[in-house]
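Q: I have a model open and want to learn how to read its features one by one. Where do we start?

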Amino acid sequence: MAHGPVAVMPRWPGWIAVAAILSLTLGTLALVAWRAEDSFGLGSGLGPADWAAVRFTLLQATLSAVLSVAAAIPLARALARRAFPGRGLLITLLGAPFILPVIVAVLGLLAVYGRNGFVSQGLSLIGAEPISIYGLTGVVLAHVFFNMPLATRFLLQGWLAIPAERFRLAASLGFSASDTARLLEWPMLRATVPGAALVVFLICTTSFAVALALGGGPAATTVELAIYQAFRLEFDLSRAAFLSLVQVAICTLAAALAFRFAIPAGFGAGLDRTRQRWDAAHWTLRAVDTAAILAATLFLLVPLALVVARGFPALPDLSSATFAAAGRSLWVAAISTALTGITALSLALLIQSLRRGAQLVEGIGYLSIAASPLVIGTGLFIAIFPFASPVALALPVTAVVNTAMSLPFALRALVPALAEAEAAHGRLADSLGLTGWARLRLVLLPRLRRPLGFALGLAAALSMGDLGVIALFADPSEATLPLLLYSQMSAYRMDDAAASGLVLIALSLLAFWIFDRGGRANAHA
């Protein structure tokens, strides 16, 4: 008899996790909708400033997605068809911007492209106007910095998915580089670019820290920033709630369009042979690939190197407020990481045990990826305000929202690994009568250590660097390290900000390394 789904553990923890996710996403959205309808009525709509925020959000997200993917295409192609020392390290470094604190990267970009940055100073020496880092230019530049590496990883997987036999056949038929691009690479790009652009677009529409640090003003306010301003500066819950609904509508429409335009490549399976490229030997193509790799490396590493260079001398002058803020960030990250691990594992086990509805439950686990942290925060504020002080609960609320934001990535790592472990060892475990905790401890957890460690490390790093809900709730005296860093940047204390940023980088990378290394040590599979 075929081995079907099995209830490894009691299902009630998984159903509790499902209820919690629905409450944090659809529940908070319902509260926001209720508040918006109650205050605005059916005849109200967006004002001129709100429409300006919507237009700017769509404009910057579209430009960011287009430029990120456009820059990623030559880089991914160069990495796919070139072998060179350090290639693996460079591909690994492409994932670094995703786990680095956003506000630290913004600080690095200011050091390069700001009015006092060396690029602007170089332009001044030749009589040119310095770059204006604030507004649309700065927001798009920062989003490309964060999302070009992510798009590159997506597209690189697409290139590596083209079977090696296709390139062998192309070489035997005498294909030129342009023929290979037209008949092999273009169909792959047509299939992968829409998905990569969607992910970048969604990230940019819900990006808050970048807009807060580099946007602002009537002409450069995103919907996310407008929610913050209505909430934090004006305490207009009605407007914040209405804008939250607009934010959700934008994300939903973007997802629908991406599914509509994604086209499969249709290459079929190969024999997993090592890929050889005979179409890229010409020196001009080598020069193009080398230039793409060098440009991307400089673009990504120079801003972070400047943060380190500027922050290191200021480390001895760190104030007690910095250490207190770092302690609060570690506390939030620890709670968020623990909740992420428990919730993701409970959901993954529930999904594995269901004969029907597994895809629905998994889809619920991914709901928060299309939700805005500020939308969830607004809904939680509406729920908490009548009963308690949201400011007093700022840190626990931030930890809970960070859990919701990290959960889709944790599920993406755990669900396939759990299914593979059950497929490989489930029958043997059944024959030995292993169920419940014994099956989880002896059979599954040893094979989940690697993906679980990665998921927990990612959750810890993302939570350490988060500047979202904490900006809504926290009192300045109870700031986390990212919020303190933002306040130092706002006060133009750049040396202090660089030192705080260096501490934040170190703590974020250390948190990721501890969990990821712990998951890989002595892990099976």
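Q: Which residue forms a salt bridge with Arg310, and how far apart are the closest N and O atoms?
A: Keep in mind that this is a predicted model. To call a salt bridge, look for a side-chain nitrogen of Lys or Arg within 4 Å of a carboxyl oxygen of Asp or Glu. Arg310 pairs with Asp495, and their closest N and O atoms are 3.0 Å apart. Arg310 sits in helix α13 (residues 283-311) and Asp495 in helix α21, so the pair ties together parts that are 185 residues apart in sequence.

Q: Are Arg310 and Asp495 buried, partly exposed or exposed?
A: Read relative accessible area against two cut-offs: under 20% is buried, over 50% is exposed, and partly exposed lies in between. Arg310 has 40% and counts as partly exposed. Asp495, at 43%, is also partly exposed.

Q: How many salt bridges does the rule give?
A: The count is three. Take Glu478 with Arg328: the closest N and O atoms are 3.8 Å apart. This pair links distant parts of the chain, 150 residues apart. Glu478 is in the loop between α19 (469-473) and α20, while Arg328 is in helix α14. Another bridge joins the side chains of Arg493 and Asp496, at 3.2 Å from N to O.

Q: Which partner of the Glu478 and Arg328 pair is buried, and which is partly exposed?
A: Apply the cut-offs again. Arg328 has a relative accessible area of 16%, so Arg328 is buried. Glu478 has 41%, so Glu478 is partly exposed.

Q: What about Arg493 and Asp496: buried, partly exposed or exposed?
A: Arg493 is partly exposed at 40% relative accessibility. Asp496 is partly exposed too, with a relative accessible area of 30%.

Q: Now a whole helix. How many of the ten residues of α20 are buried?
A: Count burial residue by residue, then judge the element. In α20 seven of the ten residues are buried, so the helix is largely enclosed by the rest of the structure. The buried residues are Leu481, Pro482, Leu483, Leu484, Leu485, Gln488 and Met489.

Q: What is the backbone doing just after α20?
A: Check phi there. Tyr492 takes a positive phi of about 60°. Note that this positive value occurs in a residue other than glycine. Tyr492 lies in the loop between α20 (481-490) and α21 (494-520). Its relative accessible area is 65%, so Tyr492 is exposed.

Q: How many cavities of 30 Å³ or more does a search of the whole structure find?
A: A cavity is space where the probe fits but cannot get out. The search finds three cavities of 30 Å³ or more. The largest holds about 40 Å³ of space.

Q: Which residues line the largest cavity?
A: Its lining is Ser329, Val332, Thr398, Asn402, Ser463, Met464, Asp466, Thr480 and Pro482. Pro482 is also one of the buried residues of α20. Helices α14 (320-353), α17 (394-431) and α18 (436-464) each supply at least two lining residues. By class, the lining has three nonpolar, five polar and one charged residues.

Q: How much space lies in the second largest pocket?
A: A pocket, unlike a cavity, is an open set of points. The second largest pocket holds about 450 Å³. It is lined by 18 residues, and the closest to its centre are Leu110, Gly114, Arg115, Asn116 and Gly117.

Q: Which helices each supply at least two residues of that pocket lining?
A: They are α5 (102-113), α13 and α21. Helices α13 and α21 are also where Arg310 and Asp495 of the salt bridge lie. The pocket lining has twelve nonpolar, four polar and two charged residues.

Q: Which residues make the nonpolar surface patch?
A: For a patch, look for nonpolar side chains within 5 Å, each residue having over 30% relative accessible area. Here Leu59, Leu63, Leu67 and Leu136 make a patch of about 290 Å². Helix α2 (residues 48-81) gives the largest share, three residues. Leu59 is in helix α2, and at 40% relative accessibility Leu59 counts as partly exposed.

Q: Last one: is Ala240 buried or exposed?
A: Ala240 counts as buried, at 0% relative accessibility. Its place is in helix α12 (residues 237-261). For spacing, compare sequence with space: Ala240 and Glu224 are 16 residues apart in sequence and 9.4 Å apart from C-alpha to C-alpha.

Key
Residues numbered from 1 in each chain as written. Predicted model: local features only at pLDDT ≥ 70, side-chain atom pairs only at ≥ 80, totals over all residues. Heavy atoms only, no water. Patch = residues over 30% accessible without salt bridge, like charges linked within 9 Å, V, L, I, M, F, W, Y side chains within 5 Å. Areas by Shrake-Rupley, 256 points an atom, 1.4 Å probe, with all protein chains shown as cover. Helix = DSSP H or I, 4+ residues; strand = E, 2+ residues; numbered from the N terminus. Buried < 20%, exposed > 50% of the residue type's maximum accessible area, 1.4 Å probe, protein only. 1 Å grid on protein atoms, 1.4 Å probe; cavity = no way out; pocket = protein on both sides within 12 Å on 5 of 7 lines; lining within 4 Å. Points joined across faces, edges and corners; volume = space filled by probe spheres on them. Nonpolar A, V, L, I, M, F, W, Y, C, P; charged D, E, K, R; others polar.
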